[in-house]
Amino acid sequence: MRPTWRWFGPGDAARIDEIAQAGAEGVVTALHDLPPGAVWSLDDIRTRQDEVRHFADGEPSGLEWEVVESLPVSDDIKRQQGEWRSHVAHYKISLEHLAEAGIRVVCYNFMPVLDWTRTDLAWRLPNGATCLRFDAVDFAAFDIHLLARRDAAADYTPAVVNAAARRFASMDEARKTRLVANIVAGLPGSATRLTLPDVRGLLAGYEEVPEDRLRTHLVDFVSEVAPVAERLGVRLCCHPDDPPWPLLGLPRVMSTEADYRHVLDAVNLEANGVTFCTGSFGARPDHDVAAMASRLASRIHFAHLRNVVRETEDGVGGSFHEAPHLEGDVDMVAVMAVLVAEERRRAAAGRLDCQIPMRPDHGLRVADDAQKESPPGYPVIGRLKGLAELRGVMRALEHEAGWRLPSGD
Ligand code: DNO
């Protein structure tokens, strides 16, 4: 595996030298300032590459921008409305430019309106570290009482509806404001901050897009861009829905293995691949994450390694919180063993892309993390700890297999 690190650009709390010192061998970043649908110019891409290649003092970092996360898909494309055709054309041009700059792995997602969603961005664990958490009752209270979405209660069990009513009645104004802010926190690294009226407007935009239509739109999109990526030697990889179930009445179509299978088979090209996010998949009790990894292995182009504790095994949609990378409900060692085995298989087949980039996805807020501003889920020291642990497992697995990829450090 190739250890990488997500960097949000020059304003990020982590400096490039810290990323190199953390043991990352490559950088994951994006042109976060550009809106979905815009063309990524070669100049802008090269500027970011140059930033990655240098420490603050100008010395070479030895790092390269290896993975794009994300080249965002606009809501117009997801809805097939408005500017969607020109956005697809722009997407292809951006892929051309990225390939020209030598960047070959491109992550995206197909979640309508909201990217990842949590109700609590600083939930305290017994040891004093804080983590991100999704509380199913808080979320229902938000949906039914704060957003006041029509017929929202029909989407929850009677027990959750009752608990949400009690929870809402107990909330003071500050708690309500915080809950709204947490849920609509928006994309990490982007300046987008939505208000409740914004969210209502965006939801209205999906009234005509039920699940089967969104799925068709995804296949349409991939059918357009994956052949271009294949020709360019670029590997696209779709990130799963997080959490992996429908929210706020919006359809979500990349939550399960069957969802992935549908899209992978519909456009059967290597360039049409998976961002295997253990934390997203692990939030569902009906997912055996390591078994999913082994069945999807040949199309995994990027791995997000993160752990979760499900607080209930009571069906899909329950509360969970993020855990240290090697603790929690995902058998991380088993998943990594699958990825190492897949790399060996690719190497034996003579593939140049045999190394799978992985990154510590999210981290707990630990030690001095509270001193520095960082996007939710992306503190420096918590991720450094996560990466150190994951690299340890990686080395042990490679050692056990009697095998190291020649390009490793
Ligand atoms: C959360 C991330 C996601 C991810 C996008 C990919 O921290 O894993 O925001 O970057 O969904 O498109």
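**A colleague's note on the structure**

1. A good place to begin is Q80, which sits in the loop between α3 and α4 (84-100). The phi angle of Q80 is near 50 degrees, a positive value in a residue other than glycine. Helices and strands here are DSSP runs (helices are H or I with at least four residues, strands are E with at least two), numbered from the N terminus.

2. Please keep in mind that this is a predicted model: local features need pLDDT of at least 70, side-chain atom pairs count only at pLDDT 80 or more, and totals for chains, interfaces and linings use all residues. Residues are numbered from 1 along each chain as its sequence is written, and side-chain values use heavy atoms, with hydrogens and water left out.

3. A second positive phi turns up at A367, at about 45 degrees, although A367 is not a glycine. You will find A367 in the loop between β12 (357-360) and α14 (380-400).

4. Now for the overall layout. The chain splits into domain 1 (2-117 + 209-401) and domain 2 (120-198); these bounds come from an automatic or database domain assignment. From the C-alpha centre of domain 1 to that of domain 2 is 25 Å. Their contact (heavy atoms within 4.5 Å) draws on 27 residues from domain 1 and 23 residues from domain 2.

5. How much area do domain 1 and domain 2 bury between them? The value is about 2,100 Å², with 69% of it on carbon and sulfur atoms. Buried area is the accessible area (1.4 Å probe) that two parts lose on being put together, summed over both.

6. One salt bridge is counted between domain 1 and domain 2, where a salt bridge means a side-chain nitrogen of Lys or Arg within 4 Å of a carboxyl oxygen of Asp or Glu. E311 forms a salt bridge with R133, and their closest N and O atoms are 2.7 Å apart. There are also six residue pairs in polar contact between the domains, both residues at pLDDT 80 or more. A polar contact is a pair of N or O atoms within 3.5 Å; within protein, one must be able to donate a hydrogen and the other to accept it, and residues adjacent in sequence count only if both atoms are side-chain atoms.

7. On the side of domain 1 that touches domain 2, strand β11 (residues 320-323) gives the most, with three residues.

8. The structure as a whole holds 39 salt bridges. One of them pairs the side chains of E51 and R48, at 2.8 Å from N to O. Both E51 and R48 belong to helix α2 (residues 42-52), three residues apart, about one turn of the helix.

9. Which residues are closest to the ligand? Of the 16 residues that surround the ligand, the closest are E69, S70, N109, H362 and Y378; a residue counts as near if one of its heavy atoms lies within 4 Å. A side-chain N or O atom of S70 is 2.4 Å from a ligand oxygen. For Y378, a polar side-chain atom lies 2.7 Å from an oxygen atom of the ligand, and for R6 the distance from a side-chain N or O atom to a ligand oxygen is 3.2 Å.

10. S70 deserves another look: the peptide bond from E69 to S70 is cis, with omega near -5 degrees. S70 is in the loop between β3 (65-69) and α3 (75-79). D242 and P243 are also joined by a cis peptide bond, with omega about -5 degrees, and P243 lies in the loop between β7 (235-239) and α10 (257-266).
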